[in-house]
Amino acid sequence: MKIHFTKMQGAGNDFVVLDETRSRLNLTAGQYRYLADRHFGVGADQILTVRPSPAAGIDFEYVIHNADGGEVGQCGNGSRCFARYVRDKGLTDKDTIRVQTLSGVLSPKLNADGRVTVDMGVPVLDEPRVPFDTAALAPTVQGNGRTWPLAFDVQGISVTVPVAVVSMGNPHAVQLVDSVDTAPVGLWGPLIESHSRFPERVNAGFMQILDRGHVRLRVFERGTGETLACGSGACAAVAAGIRLGLLDSEVHVDMHGGRLTIAWSGQDTDSLFMTGPATTVFEGQIDIPDAA
């Protein structure tokens, strides 16, 4: 099957974008994996699909598949690229669009400076809704937030780290580190991702606080591995830091791929906003096997 695609990136988090506004491609999980493969396919952290409006008041449906072929509910950097794509392709002339995701409705806004701001919704801090199993665990309360002791074995050695648990439409476990340069992301990330207390797996965030308005972050994403940037991970990390009393209401988040700016009041009823870049890299066609 030959399909047309657009390669995009947001702060180094890269995507293959597919247009299904006219007809469905009906790709399998294996075919999504093939597209994401950096040796045999196009190469991407996630595959983003544009589909027609599913309901009144909604402009598009936004479908996300991770590099492992699994469908997920949220991708913050992807939502900015989604907005840039539909505008650049003439699929809409709106500056602000409403898109339906598996996790709810997002409203990306294209700014005059070329960046895109996304209303990411209200951070979910209720552990069962993340979901996170708190059975037999005692939290440490700090500020208006809390951390939980997460225990796992690393090469036969028992390790326990305090994590703040947040959902931004997908689950995140955020821990504070002295330096993201020396944080054991590659070693601990897979163990946290697949931890039994997260029944839907989890994105593992490693956050270094520089000051109350500036952090550095690395994220090991479920189904993908470490990426150059993770938009929802930046949102979750800042939300956790604000609730723990460590960060102000607007924070610059520096990741290997670039900077995002996150703004949140810290109130349970208020949305969190993410602003950052969205760039088209190239377009092309690729033949993908019928049984990838």
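**Figure 1. The β14–β15 hairpin, where G223 has a positive phi.** This close-up comes from a predicted model. Three residues sit between β14 and β15 in this hairpin, and G223 takes a positive phi near 80 degrees. The two strands pair in the antiparallel sense over two bridges. β15 covers residues 225-226, and G225 in that strand stands opposite E221.

**Figure 2. Strand β14 and its other partners, β13 and β16.** Stay with β14, but look at who else it pairs with. β13 (residues 203-211) runs antiparallel to β14, with seven bridges between them. A hairpin of two residues links β13 to β14, and A204 faces F220 across the pair. With β16 (residues 250-255) things go the other way: that pairing is parallel, over three bridges. Here R216 has D254 of β16 as its bridge partner. How much of β14 is buried? Seven of its eight residues (the strand spans 214-221) are, so the rest of the structure largely encloses β14.

**Figure 3. Two hairpins in a row: β10, β11 and β12.** Strand β10 (residues 145-154) is joined to β11 (residues 157-167) by seven bridges, and the two run antiparallel. Two residues lie between these strands, and Q155 in the turn has a positive phi of about 50 degrees. Right by that turn in sequence, V154 is matched with I157 of β11 as its bridge partner. β11 also pairs with β12 (residues 171-176), again antiparallel, this time over four bridges. In this second pairing, V166 stands opposite H172 of β12. Which residue has the positive phi in the β11–β12 hairpin? G169 does, with a value near 95 degrees, and three residues separate the strands there.

**Figure 4. Helix α2, mostly tucked away.** Helix α2 runs through residues 76-88, which makes 13 residues. From its first C-alpha to its last, α2 reaches 19 Å, close to the 18 Å expected at 1.5 Å a residue. Eleven of those 13 residues are buried, so the helix is largely enclosed by the rest of the structure. Among the buried ones are G76, R80, F82, R84 and Y85. Generally, an α-helix has 3.6 residues a turn, so residues three or four places apart point the same way. After α2 comes G90, whose phi is positive, near 75 degrees.

**Figure 5. A234 in helix α4, and what it touches.** A234 belongs to α4, the helix of residues 231-243. Is A234 buried or exposed? With a relative accessible area of 0%, A234 is buried, since the cut-off for that is under 20%. Setting aside neighbours within four places in sequence, A234 contacts L217, V253, M255, L260 and I262. Also look for G76: its C-alpha and that of A234 are 8.8 Å apart, although 158 residues separate the two along the chain.

**Figure 6. The largest nonpolar core, and a second one apart from it.** The largest nonpolar core holds 51 residues, and those with the most contacts inside it are Y62, F82, L217, V253, I262 and L272. α4 gives the most to this core, with eight residues. Apart from it lies another core, of 22 residues, including V154, V159, V185 and W188. Back in the larger set, L272 is worth a look: leaving out neighbours within four places in sequence, its contacts include V118, M120, P123, M168, C235, A239, I262 and W264.

**Figure 7. Q31 in helix α1 and its polar contact with T28.** Q31 sits in α1, which covers residues 29-36. At 3% relative accessibility, Q31 counts as buried. Its side chain reaches the backbone nitrogen of T28 at 2.9 Å.

**Figure 8. Zooming out to place the close-ups in the protein.** The secondary structure comes to four helices and 19 strands. The radius of gyration is 18 Å, close to the 19 Å that the globule rule gives for 292 residues, so the protein is as compact as a globular protein of that length. Along the principal axes, the C-alpha atoms fill a box of roughly 50 × 40 × 35 Å. Buried residues account for 53% of the 292. Of the contacts between residues at least 6 apart in sequence, 61% join residues at least 24 apart.

Definitions and conventions
Residues numbered from 1 in each chain as written. Predicted model: local features only at pLDDT ≥ 70, side-chain atom pairs only at ≥ 80, totals over all residues. Heavy atoms only, no water. Expected span 1.5 Å × (residues − 1). Buried < 20%, exposed > 50% of the residue type's maximum accessible area, 1.4 Å probe, protein only. Pairing = 2+ DSSP bridges. Contact = heavy atoms within 4.5 Å. Polar contact = N/O pair within 3.5 Å; in protein donor to acceptor, adjacent residues only side chain to side chain. Core = buried A, V, L, I, M, F, W, Y, C linked by side-chain atoms within 4.5 Å. Rg over C-alpha atoms; globule rule 2.2 N^0.38 Å.
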